[in-house]
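Me: Please look at this structure with me and explain, term by term, on what grounds each description is given. I would like to see how a value is set against its definition.

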Amino acid sequence: MCGIVGYVGQKSVASVLLVGLEKLEYRGYDSAGIALVNSNELTVTKAKGRIAHLERALRLKNINGTIGIGHTRWATHGEPSQTNAHPHVNTDGTIAVVHNGIIENYLSLMEELIGKGYVFASETDTEVIPHLVDMYLKEVSSVQEAFRKSIARLEGKYAIAMVTEKEPEKIFFVRNGSPLILAEATDVNGEQELFLASDAPAFIPLAKKVYYLKNGEWGYLNHGLHLFNDKDVRIEPDLQDLKIDVGQVLLGEFEHYMLKEIHEQPDIVQKILTERITEDNKIRFDELELKPEFLAGVGRFIIQASGTSLNAGRIAKLYFENFANVTTDADYSSEFRYRNPVAGGDTVVIGISQSGETADTLAGIYEARSKFLKVLSFVNNVNSTIARESDGIIDLFAGPEIGVASTKAYIAEVLNLLLFSIYLAEIRFMMDESEKIEILNQLKKLPDQMRKVLTHTAKIHELAEKLKEKTSVLFLGRTYNFATALEGALKLKEISYIHAEGYAAGEFKHGPIALISEDVPVIVVAPKGEMRTKMISNLQEVKARKGQVIAVVSENDSELAGLADKVLEIPETPEFISSLLTILPLQLLSYHTALKRGCDVDKPRNLAKSVTVE
Ligand code: M6R
């Protein structure tokens with residue numbers, strides 16, 4: 001969602017901030033702004049829409065500064081507009097604040113401030129912050145004290161950065177629930193540079209050392225990092241190496257991040273297999289702090305996640321039940337957090353999240369903890385809040401995912417969950433060595449099989465050309481590929497804006513079949529396996545009603561190829577592994593359809609990469 005950047009250094013501050021904001025564009029935003037301080041004077045520039053608009057506005061003003069903060073806003077309180085864009089300022093424009101998250105008590109604070117004569121310019125919750133600091137500055141002598149007093153008044157989740165004319169050499173910051181990272185670098189002249197940002201890609205390629213702030217930590221940047229904990233005790237930040245390299249966040253030869261990330265999938269699968277499977281075919285999760293004796297005794301898993309991550313979780317439910325013989329539920333985090341689940345002490349709650357910052361998934365984890373249940377999370381960002389709040393974590397190893405439509409994280413989630421289920425099956429004595437080795441051997445074929453699927457682009461282009469005219473598309477699948485149907489539909493709708501729904505094919509007759517017409521294509525996911533014959537029946541039902549069928553089938557399935565209007569082929573593999581292949585042509589199909597409709601594939605309308613508010 002929103003993005004924050006801040007910079008203190010010798011380079012052109014406006015340029016560093018603009019580049020940082022561009023790197024955070026993928027998070028989703030609808031307006032942007034920058035506050036620069038130069039010779040004790042604060043200048044705020046804001047624009048609705050893309051960062052290019054902000055850049056134009058800055059060029060017209062022809063200003064720069066020695067320090068500055070910037071923000072990309074994804075509207076929550078108040079429409080996307082220049083007025084509601086951050087930074088927000090106090091009445092005389094001497095204090096500027098950028099903020100991610102939500103100030104839950106902003107209405108009561110606003111009332112108090114209005115009672116003291118403050119006038120609000122925007123509809124945002126953020127604007128209370130510069131006015132609060134202004135109010136406290138009338139009582140205390142330093143900005144540091146006023147900032148501290150102000151943040152003590154805030155309820156909710158936030159990451160905040162602030163600059164002022166009163167102490168123009170400092171950027172103040174605090175983290176409480178929303179991520180914020182500090183970074184340090186040395187420029188070519190050996191001078192120190194300091195950064196802050198809501199997400200690490202903003203620093204690339206400048207900073208190499210980072211510090212992930214913990215909740216309650218606050219401080220300021222000027223000549224050095226000045227950090228305090230929530231008890232106001234000064235602490236030394238323990239800087240770590242930034243483990244993202246430039247190549248991971250640059251487009252390279254690809255036109256879009258989504259396409260790049262789709263094509264990275266075979267290598268990611270290879271990496272996961274190499275990291276997780278030892279030479280003597282043992283499955284290992286080195287980072288997992290939950291002991292095998294504990295996991296062997298778990299009576300039930302509740303998987304809770306959102307969007308694509310939940311689709312991966314739905315497949316995992318089948319893996320856990322079929323291989324490890326353990327009762328498993330998979331639920332939307334947004335439902336789980338409110339449904340007061342009945343769960344015994346031997347229940348483990350699993351969170352799955354690419355970003356590790358999804359508000360609902362995090363709330364689900366807090367819900368589990370309130371019931372004293374252990375939490376295991378599968379995350380792509382091991383420094384995220386979800387990772388920190390969990391008893392055990394499993395790293396997805398997908399590398400930074402920039403495209404808003406999740407692709408490689410999904411594959412990494414499904415594969416790690418599959419490997420974890422095999423690990424569980426082993427420690428619970430539900431799988432013998434030969435069965436395990438057979439599965440692992442099949443998995444080792446996956447990278448090449450995936451590469452093969454990704455080369456079938458001619459057919460995808462042809463189909464995308466047809467699909468781009470449609471207003472509605474249905475996806476059908478069963479068991480492991482029911483999730484593929486859901487995920488295929490999610491991909492298509494989120495980037496091409498074509499209405500798409502995924503259904504469990506057995507439910508088709510119970511309602512959705514009424515939608516069939518020549519204008520509503522049906523994508524039937526029917527690789528070889530137990531469900532294939534059932535899927536053929538569904539396909540026939542569509543054809544009998546003059547529906548157009550695109551089928552995702554195993555290679556050389558001439559029977560299905562003869563029944564469908566078009567087929568997309570995947571190499572033959574056991575059904576439980578097939579969902580790692582069947583999704584690939586559907587990702588490509590969504591991508592090319594969206595492109596042919598002129599959609600902004602990497603920044604689809606209204607969507608944010610990580611949904612950090614409820
Ligand atoms: O970061 P998370 O995995 O927790 O995100 C969950 C969903 O917001 C995410 O998967 C979303 O559905 C994607 N845009 C799907 O492509």
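**From domains to single residues**

Me: How many Å separate the centres of domain 1 and domain 2?

Reply: The centres of domain 1 and domain 2, taken over C-alpha atoms, are separated by 34 Å. In the contact, twelve residues come from domain 1 and twelve residues from domain 2, where contact means heavy atoms within 4.5 Å. The model is a predicted one, in which local features need pLDDT of at least 70 and side-chain atom pairs count only at pLDDT 80 or more, while totals for chains, interfaces and linings use all residues. Residues are numbered from 1 along each chain as its sequence is written, and side-chain values use heavy atoms, with hydrogens and water left out.

Me: Where do the domains begin and end?

Reply: Domain 1 covers 3-247, domain 2 covers 251-444 and domain 3 covers 453-600, with bounds that come from an automatic or database domain assignment.

Me: What makes the largest nonpolar core lie between two domains?

Reply: This core has 92 residues, and those with the most contacts inside it are Phe-320, Leu-419, Phe-420 and Leu-443. Helix 13 (residues 408-427) gives the most to this core, namely 14 residues. Domain 2 and domain 3 both give residues to this core, and it therefore lies between them. A nonpolar core is a set of buried Ala, Val, Leu, Ile, Met, Phe, Trp, Tyr and Cys residues joined through side-chain atoms within 4.5 Å. With neighbours up to four places away in sequence set aside, Phe-320 touches residues that include Phe-301, Ile-350, Leu-417, Phe-420 and Leu-424. There is also a second, separate core of 35 residues, with Tyr-29, Ile-34, Ala-183 and Ala-207 among them.

Me: Why is Arg-339 called partly exposed?

Reply: Buried means under 20% relative accessible area and exposed over 50%, with partly exposed in between (1.4 Å probe, protein chains only). Arg-339 has a relative accessibility of 36%, so it falls in the partly exposed class. Asp-331, by contrast, has 13% and is therefore buried.

Me: How do you know that Arg-339 and Asp-331 form a salt bridge?

Reply: A salt bridge is a side-chain nitrogen of Lys or Arg within 4 Å of a carboxyl oxygen of Asp or Glu. The side chains of Arg-339 and Asp-331 come to 2.4 Å, N to O, so the pair meets the rule. Counted by this rule, there are 37 salt bridges. Glu-465, Lys-468, Glu-469 and Lys-596 are even linked in a network of salt bridges.

Me: What makes Lys-491 and Glu-487 a salt bridge, and where do they lie?

Reply: Their side chains meet at 2.5 Å, N to O, and the two residues lie in helix 17 (residues 482-496), four residues apart, about one turn of the helix. A helix here is a DSSP run of H or I with at least four residues, and a strand is a run of E with at least two, numbered from the N terminus. Lys-491 has a relative accessible area of 0% and so counts as buried, and Glu-487, with 0%, is buried as well.

Me: Why does buried Glu-127 have no salt bridge?

Reply: The nearest side chain of opposite charge, Lys-46, is 7.7 Å away, so the rule for a salt bridge is not met. Glu-127 is placed in the loop between helix 3 (106-115) and helix 4 (128-137). The side chain of Glu-127 does reach the backbone nitrogen of Ser-122, at 2.6 Å.

Me: What joins the side chains of Arg-337 and Asp-360?

Reply: They are joined by a polar contact of 2.6 Å. A polar contact is a pair of N or O atoms within 3.5 Å; within protein, one must be able to donate a hydrogen and the other to accept it, and residues adjacent in sequence count only if both atoms are side-chain atoms. Arg-337 is found in the loop between helix 10 (333-336) and strand 18 (347-353), and at 16% relative accessibility it counts as buried. Beyond four places in sequence, the contacts of Arg-337 include Ala-363, Glu-367 and Glu-614.

Me: Is Arg-369 buried or partly exposed?

Reply: Arg-369, found in helix 11 (residues 359-370), has a relative accessible area of 37% and is therefore partly exposed. Not counting residues up to four places away in sequence, Arg-369 touches Val-375, Glu-389, Ser-390 and Asp-391.

Conventions: Lys, Arg positive; Asp, Glu negative; His and termini not counted.
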